[in-house]
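Student: Please take me closely through the strands of this model and how they pair. I would then like one connected account that ends with the surroundings of a single strand.

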Amino acid sequence: MKRKIFLKASSVFAVGGILSPILACNTTKPKVVNLARKNWAGNLQYTAEKYFEPKSVDEMQSLVKSLNKQKGLGSCHSFNNIADTPFSQISTKNLNKVINIDAAKNTLTIESGAKYGQFAPELNQRGFALHNLASLPHISVGGACATATHGSGVKNGNLATAVNTIEFISANGDVVNLSREKDGETFNGAVVNLGALGIMTKITLDIQPTFQVRQDVYQDLPLQALKDHFDEIMSSGYSVSLFTDWQNDNVSQIWIKRRLDSEIKELGADFFGAKRATKNLHPITRLSAENCTEQMGVAGAWYERLPHFKMGFTPSSGEELQAEFFVPRKNAVEAISALYKKGNLIFPELMITEIRTIAADNYWLSMAYKQDSVAIHFTLKQHTPEVMKLLPIIEAELAPFGARPHWGKLFTIAPSILASRYEKMPEFLNLARKYDSQGKFRNTFLDLNIYQQNS
Ligand SMILES: Cc1cc2nc3c(=O)[nH]c(=O)nc-3n(C[C@H](O)[C@H](O)[C@H](O)COP(=O)(O)OP(=O)(O)OC[C@H]3O[C@@H](n4cnc5c(N)ncnc54)[C@H](O)[C@@H]3O)c2cc1C
């Protein structure tokens, strides 16, 4: 065993500073004083006895081969135990290099632990852009793709839809390459993989010429206007987000991100009854907008406008929980209306809700598999018992629409129901067994939600 890439959780106190896993997972969170390794939000203490940070694909390969039970770990931003295991966690933190920008093929190849915010400026400088980004740039590409992380936009697929090729280390240590061009349905099954097939080491993404974006924010949209004009409102920009606290039949903010390389018409001071904001806002209106990307129609590079939060700052609110549910876009108004009726139950535990759109894709375990979707997201107070009681209420309201939960956030949907909402779940299980016949990458999350339901 290579000791220099091995950290036993119990030895963290002795190692201290530089190798502290706190630095690995909580760099933008000054509040954390506990040296135990936790996820970004601090609501989950990882149980892994051993923790590794390989510095090369070769080191990753020998680790995967030599270790038995293990789990790949990205930037620790998931809220549930999807990335945990009591055995070994292998972080992709040090696999963060840009390998190649191929201007002829319009592709970017990077190591899987690279965070969007780290390589986006270089990509932009070289004249290129990604099609979309999540609300924060702090997450790793591997973790984002493995869980179908998304931004917004009626025509924008989730971030994994930019994936062209993946390279991963399967359970027996083989380096596997799968591409959209050559591997058809196997590729569609393998990209959103929940870490079940192996550990992705390199990812090639489609890129496009760089573009500028302006961000305009409106406040206080009447709910009735949203119900009457949902598609028009969500299509009013390249990427549109709604924020609400489910109170007073009101949508507190609309963030409209528009590309400057497409035709832009003046939206006016009044947008379906909402008023143009007079200063930059945080989605939670009472919080300072300092952490947020520039608004007020000021043009900027794609990577400085598509996320809501700036790279160098804490995204969102920090001490929080998150849950998110995807329903077909055609049911958006019904689903949103049902939740407004439960607004008084949701409000006490809520920081803010965000509503976004995601275009349909072909990835078996994507929450937007084969359906244009609306994602209804909840940033919740870090009151775990209360939140876990609230989630079934939200899930019951969304059950008639076959809601699929975000894989990296909290949910309580029964595994059998979850399985019924993914028609390709059995095929995914076969794929997992093909690349991980020994069950090395299985953990409690996968056993519950994937393996036991499909045996
Ligand atoms: C403040 C905040 C804002 C967020 N905003 C959004 C948003 O706008 N949109 C959205 O959809 N989600 C959002 N999320 C959720 C987040 O994008 C997902 O949880 C995502 O998985 C985080 O990536 P990560 O690298 O931290 O993954 P981790 O949490 O480290 O891991 C998640 C899963 O991916 C697997 N994994 C990680 N790396 C690899 C790899 N290289 N190979 C194979 N498997 C791997 C792990 O095994 C695990 O199963 C947000 C989360 C936070 C904390």
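**Strands, their partners and one enclosed space**

Tutor: Strand 3 (residues 70-73) and strand 4 are paired in parallel through four bridges, where strands (E, at least two residues) and helices (H or I, at least four) are DSSP runs numbered from the N terminus, and a pair requires at least two DSSP bridges. The model is a predicted one, in which local features need pLDDT of at least 70 and side-chain atom pairs count only at pLDDT 80 or more, while totals for chains, interfaces and linings use all residues. Residues are numbered from 1 along each chain as its sequence is written, and side-chain values rest on heavy atoms, with hydrogens and water left out.

Within the pairing of strand 3 and strand 4, leucine 73 faces serine 91 of strand 4. Strand 4 is also joined to strand 2 (residues 50-52), again in the parallel sense, by three bridges, and there phenylalanine 52 is the residue opposite isoleucine 90. The side chains of strand 4 (residues 88-91) alternate, with Ser88 and Ile90 pointing one way and Gln89 and Ser91 the other, and all of them are buried, that is, under 20% relative accessible area, against over 50% for exposed and in between for partly exposed (1.4 Å probe, protein chains only).

Antiparallel pairing is found in an open sheet of five strands, whose order is 5-6-10-8-9. Strand 5 (98-102) and strand 9 (175-179) form its edges, and because each has a single partner strand, one side of each is left without a neighbour in the sheet. From one strand to the next, the twist averages 10°, with axes fitted as lines to C-alpha atoms (for helices over the stretch in contact) and angles taken between N-to-C directions from 0 to 180 degrees. Helix 4 (residues 116-125) packs on this sheet, where it touches strand 5 and strand 6 (107-111), and its direction makes about 30° with that of strand 5; contact here means heavy atoms within 4.5 Å. Six bridges hold the antiparallel pair formed by strand 8 (residues 163-169) and strand 10 (residues 199-206), and in that pair isoleucine 169 lies opposite isoleucine 199 of strand 10.

The last strand to consider is strand 13 (residues 239-244), which contains serine 239. Serine 239 counts as buried because its relative accessibility is 2%. Apart from neighbours within four places in sequence, the residues that serine 239 contacts are Ser152, Gly153, Trp255, Ile256, Lys257 and Leu306.

Serine 239 also belongs to the surroundings of an enclosed space. Searching the whole structure gives three cavities of 30 Å³ or more, a cavity being a set of points on a 1 Å grid over the protein atoms alone where a 1.4 Å probe fits but cannot get out, with lining residues having an atom within 4 Å of a point. The second largest cavity holds about 50 Å³, counted as the space filled by probe spheres set on points joined across faces, edges and corners. Its lining has 13 residues, and those closest to the centre are Gly151, Ser152, Ser239, Leu306 and His308. At least two lining residues are supplied by strand 13, and at least two by strand 19 (350-358). By class, the lining of the second largest cavity comprises three nonpolar, seven polar and three charged residues, where Ala, Val, Leu, Ile, Met, Phe, Trp, Tyr, Cys and Pro are nonpolar, Asp, Glu, Lys and Arg charged, and the others, Gly among them, polar.

Notes
1 Å grid on protein atoms, 1.4 Å probe; cavity = no way out; pocket = protein on both sides within 12 Å on 5 of 7 lines; lining within 4 Å.
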